[in-house]
Structures are given as structure tokens and as C-alpha cells.
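Let's take a stroll through this protein chain, starting from a single residue and working outwards. Keep the structure open beside you as you read.

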Amino acid sequence: MLTFERQMVALCMQLFETGLTEHKRRQTEVDSFFGGQREAVAHYQQRASEILAGFEQQHKVRKAELQQLSDPDLLKVKINQCKEENKQLRTSLMTLEFQLVRQQEDIINKLDSNIADMIGNFSETAHGIFAQCRGLEDNYHENLQVIVETLENVDKDHRHGGVHDHDQTLFGDKHAVMDALATSHENRLLKVNERETQLITRADAWRASLAKGVEEKELWRSRMRISDIHRYADRLWKQLEDLQ
């Protein structure tokens, strides 16, 4: 029993250390992803800011020119030119945003694939360790059965005064003892199997939750950005309409 306990504890520690190492690897992958994601968003925001800065400078000059025009026909032509520039701005910003969205989709898919591979490798390793645990349990159970098989000899010795009464009481019903051992064995195996299933299920659930959270956050960011672009362009459009 002591040997069984020592070997089982060693396997549990091996599983724990493996899980801790894999957890650190996954966390490093996640941190790297978020770092890269922030850099990508900052890069595209900088490009968008440069486009806006150039447009606003030009728009300020155009607006001043429009306010000085008195010819209605010429004013209409200039306003239409400004509207066209406004459309081009909207298109440029939307194109930039769609490029960022595609890039984000690629790195999110890469993250999910890398995490899935890590969890898959960990699952295989964990399955091997749990298989060893089941093997230890099977071997322990077999050894106990061998001990119980000495019942017949115990009975014989009892008839010759070789054992005490409490030993005879313990081993008096061989079938009851064997049934108890079998039940205990099945319960321990069930516990091992349940723990393996729980471990793998939780890892898979974490991966799914991570991917869902990242995708939802990126979707929200993109929707807000697109809304800002349309709101800004619509405001400029209204200003031009007011000049007519």
C-alpha cells in the first residue's frame, strides 16, 4: 500500500508540474498575442490620424474659400468637390479599418490554433500519466486479490490453531471481501477517469472562452471605429449642406 501511495503521488506531482509548465506556455502565448494586437491597432490608428490631419488641414482651407464665394453656381461646384473629398476620406478610413480587421482575424485564428495545439499536446501527456495511474491501481488491486486468495490457507491454519479469531472474522467470507475490493477498485478508477475528463474539459472550455472573448472585443472595437468614421463624415457632409 505504501509503495502504491508513493508511486501515485509521484505521478500526481508529475501531472501537476506538467500542467504548470503548459499553463506558463499558454500564458506567454496569450501575452504575446495581446502585445502584438495592441501594436497593430496603434499602427493603424497612427495611419488614420495622419490621413485625418491632412484632410482637416485641407478642409479648413476649403471651408474658408467657400465662405468667401458669392457666385451660387461656383459655390455649388466647390461644395460638390468638397463632398467628393469627403467620400474619399470615408473610403480611405474604411479601407484602413477593413485592413486592420483582416489582420486581426488572422492573428486571432493563429492564437486559437496555437492554443489548441498546446492543449492537444498537454491532453496527450496527461492521458499518458492518467493511464499510468490506472495501471498502478490495477496492479494494486491485483496484489490485494492475491492476498485474499490466502483465505483458504488461513482457514486451514485456523483449524490447526495458526491464526487468531479476529483474523478468521476478517477473512471468513471470501466472496464478501472480493466484492468489497472490486467495488473499491471500480470507484478509484472512476475517480481517476473523472479527474482526467474534468482536466481536459476545463482546458478546452478555457480555450473556447478565450477565443470568444477576443473575438467579441475585436468586433466591438471595429464597430465603434466604423461608427466613428460614419459619424465624422456625416457631420462634415451636413456642414457642406448648410452652406448651400
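## F34, in between

F34 counts as partly exposed, because its relative accessibility is 24% and that label covers the range between under 20% (buried) and over 50% (exposed). Keep in mind that you're looking at a predicted model. You'll find F34 in helix α1.

Now for a partner far along the chain: L111 sits 77 residues away from F34 in sequence, yet their C-alpha atoms are 9.8 Å apart in space.

## K110, out in the open

Next stop is K110, which belongs to helix α2. Is K110 buried or exposed? With a relative accessible area of 56%, K110 is exposed, since the cut-off for that label is over 50%.

K110 has a distant sequence partner too. Between the C-alpha atoms of K110 and F33 there are 9.2 Å, although 77 residues separate the pair along the chain.

## How the two helices line up

So how do α1 and α2 sit relative to each other? Helix α1 covers residues 2–68, and its axis comes within 10 Å of the axis of α2, with a crossing angle of roughly 180 degrees. That angle makes α1 roughly antiparallel to α2, because anything over 145 degrees gets that name. Sorted by class, the residues in this contact are 34 nonpolar, 14 polar and nine charged.

## E85, tucked away

Helix α2 spans residues 72–148, and E85 is part of it. E85 is buried: its relative accessible area is 18%, and the cut-off for buried is under 20%.

What does E85 touch, if you skip residues up to four places away in sequence? The list is F55, Q58 and R62. With Q58 there's something extra, as a polar contact of 3.0 Å links the side chains of E85 and Q58.

## Zooming out

Time to look at the whole protein chain. It has five helices and zero strands, so from the N terminus on you simply read α-α-α-α-α. The chain has 244 residues, and 30% of them count as buried.

Remember those partners far apart in sequence? Take the contacts in the chain between residues at least 6 apart in sequence: 89% of them join residues at least 24 apart. As for the outside, the accessible surface of the chain is about 16,000 Å², and carbon and sulfur atoms account for 53% of that.

Note on methods: Residues numbered from 1 in each chain as written. Predicted model: local features only at pLDDT ≥ 70, side-chain atom pairs only at ≥ 80, totals over all residues. Heavy atoms only, no water. Helix = DSSP H or I, 4+ residues; strand = E, 2+ residues; numbered from the N terminus. Buried < 20%, exposed > 50% of the residue type's maximum accessible area, 1.4 Å probe, protein only. Polar contact = N/O pair within 3.5 Å; in protein donor to acceptor, adjacent residues only side chain to side chain. Contact = heavy atoms within 4.5 Å. Axes fitted to C-alpha atoms, helices over the stretch in contact; angles between N-to-C directions. Parallel < 35°, antiparallel > 145°, perpendicular 65-115°, else oblique. Nonpolar A, V, L, I, M, F, W, Y, C, P; charged D, E, K, R; others polar. Areas by Shrake-Rupley, 256 points an atom, 1.4 Å probe, with all protein chains shown as cover.
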